[in-house]
Amino acid sequence: MLTIFETIKHIAIKIDHEIKTEDLGYSDSSNSSGEDQLKLDVKSDYIIEEAFKNISIVKSLVSEEKEGVLELHENGKYTICYDPLDGSSLADVNLSVGSIFGIYQGELKGENLVASAYVVYGPRIELVTAIKGSKPKHYRAQEGLFNFIDEITLDEKGNINAPGGTQQNWCEYHKTFVDDLFSEGYRLRYSGGMVPDLHQILLKGGGIFSYPATSDKPYGKLRQLFEVIPFAFIYEQAGGQALNDKGMRLMELEPSHPHDTSPCFLGSNYEITQLRDAYGMKN
Ligand code: AHG
Ligand code: MN
Ligand code: MN
């Protein structure tokens, strides 16, 4: 796993360089979710593919920017599912973006995720890694090297509310849930990039990020294998919880297609309890 995390560090430095220098316009192609690809999405995907081509323990890759599974090494152990550049449409307004990696062993489903990592490209480059049985680890890059900062532990209750999706398309009980948190004093912190939004909650002690089922996106927007499950793992390892809209742990998701999405709620324990009440989920 160390080799994979080391490779992700090299990838992060390269992608950060592209973000700072590459043309911010669209390419002439679209991805499997029907979204137009930016040149930055395509370039970041290429950087990641090239980096893992040299790592023999990596069996295959699944990317937000590729249709199917890319086989790399027949005798490899892991499949890496990744979003090369999450929030890429925010790059042209100079907001933070990120890369997300889920490392799976065996069939591609939540319970087979063995490690995950994400990179935040903001004023600094930061990396969070997580493996089973220990707290997520937070690193910050300085002159190309990643220095360990601390382990991440979520508080039981936070004060950040990051509600995703178009409000017009929320259902009544979701709206009530979000409004009730604001009435309790929660602060709105939402950039539209799940990586910095979830990163902020993790580092500022707690709160909740939601991307619910909406009337226009009944299965949510965020993709299970390379957005939802890797972050669910990190939230659970940090002492928080991560559920879908039926109260099921996101780590129990079993996608039937690599690009399947899921409504998602990730947060600290208090906010998840409030969610269960508002949604009428069993405890
Ligand atoms: P991507 O840029 O990889 O397509 O994903 C962006 C995601 C996520 O970062 C964010 O939380 C969500 O899309 C926001 O979506 P909407 O702007 O559609 O609400
Ligand atoms: Mn994404
Ligand atoms: Mn993306």
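Is Phe265 buried or exposed? Keep that in mind while we walk through this predicted model, looking at its aromatic rings.

**Stop one: Tyr118 and Phe231.** Aromatic pairs come to a count of seven here. Start by selecting Tyr118 and Phe231, a tilted pair with 4.7 Å centre to centre and 35° between the planes. Now colour by secondary structure: Tyr118 is in strand β7 (residues 113-121), while Phe231 belongs to helix α5 (residues 224-237). The two are 113 residues apart, so this pair links distant parts of the chain. Switch on the surface and try to find them: Tyr118 is buried, at a relative accessible area of 0%, and Phe231 is buried at 0% too.

**Stop two: Phe265 and Tyr279.** Select these two next, and turn the view until you see the edge-to-face arrangement, with 5.3 Å centre to centre and 70° between the planes. Phe265 sits in strand β15 (residues 264-267) and Tyr279 in helix α6 (residues 269-279), 14 residues apart. Back to the opening puzzle: Phe265 is buried, because its relative accessibility is 0% and buried means under 20%. Its partner Tyr279 has a relative accessible area of 14%, so Tyr279 counts as buried as well.

**Stop three: a cluster.** Select Phe52, Tyr82 and Phe101 together; ring pairs link them into a cluster.

**Last stop: charges over rings.** Show Lys9 with Tyr139: the charged end of Lys9 sits over the ring, 5.1 Å from its centre. Then jump to Lys157, whose charged end sits over the ring of Tyr270, 4.9 Å from the ring centre.

Definitions and conventions. Residues are numbered from 1 along each chain as its sequence is written. Chains are lettered from A and ligands numbered from 1 in the order in which they are written. This is a predicted model: local features need pLDDT of at least 70, side-chain atom pairs count only at pLDDT 80 or more; totals for chains, interfaces and linings use all residues. Side-chain values use heavy atoms; hydrogens and water are left out. Rings of Phe, Tyr and Trp (its six-membered ring) pair if their centres lie within 6.5 Å; planes under 30 degrees apart count as stacked, over 60 as edge-to-face and the rest as tilted. Helices (H or I, at least four residues) and strands (E, at least two) are DSSP runs, numbered from the N terminus. Buried means under 20% relative accessible area, exposed over 50%, partly exposed in between (1.4 Å probe, protein chains only). A charge sits over a ring if NZ of Lys or CZ of Arg is within 6 Å of the ring centre and within 35 degrees of the ring normal.
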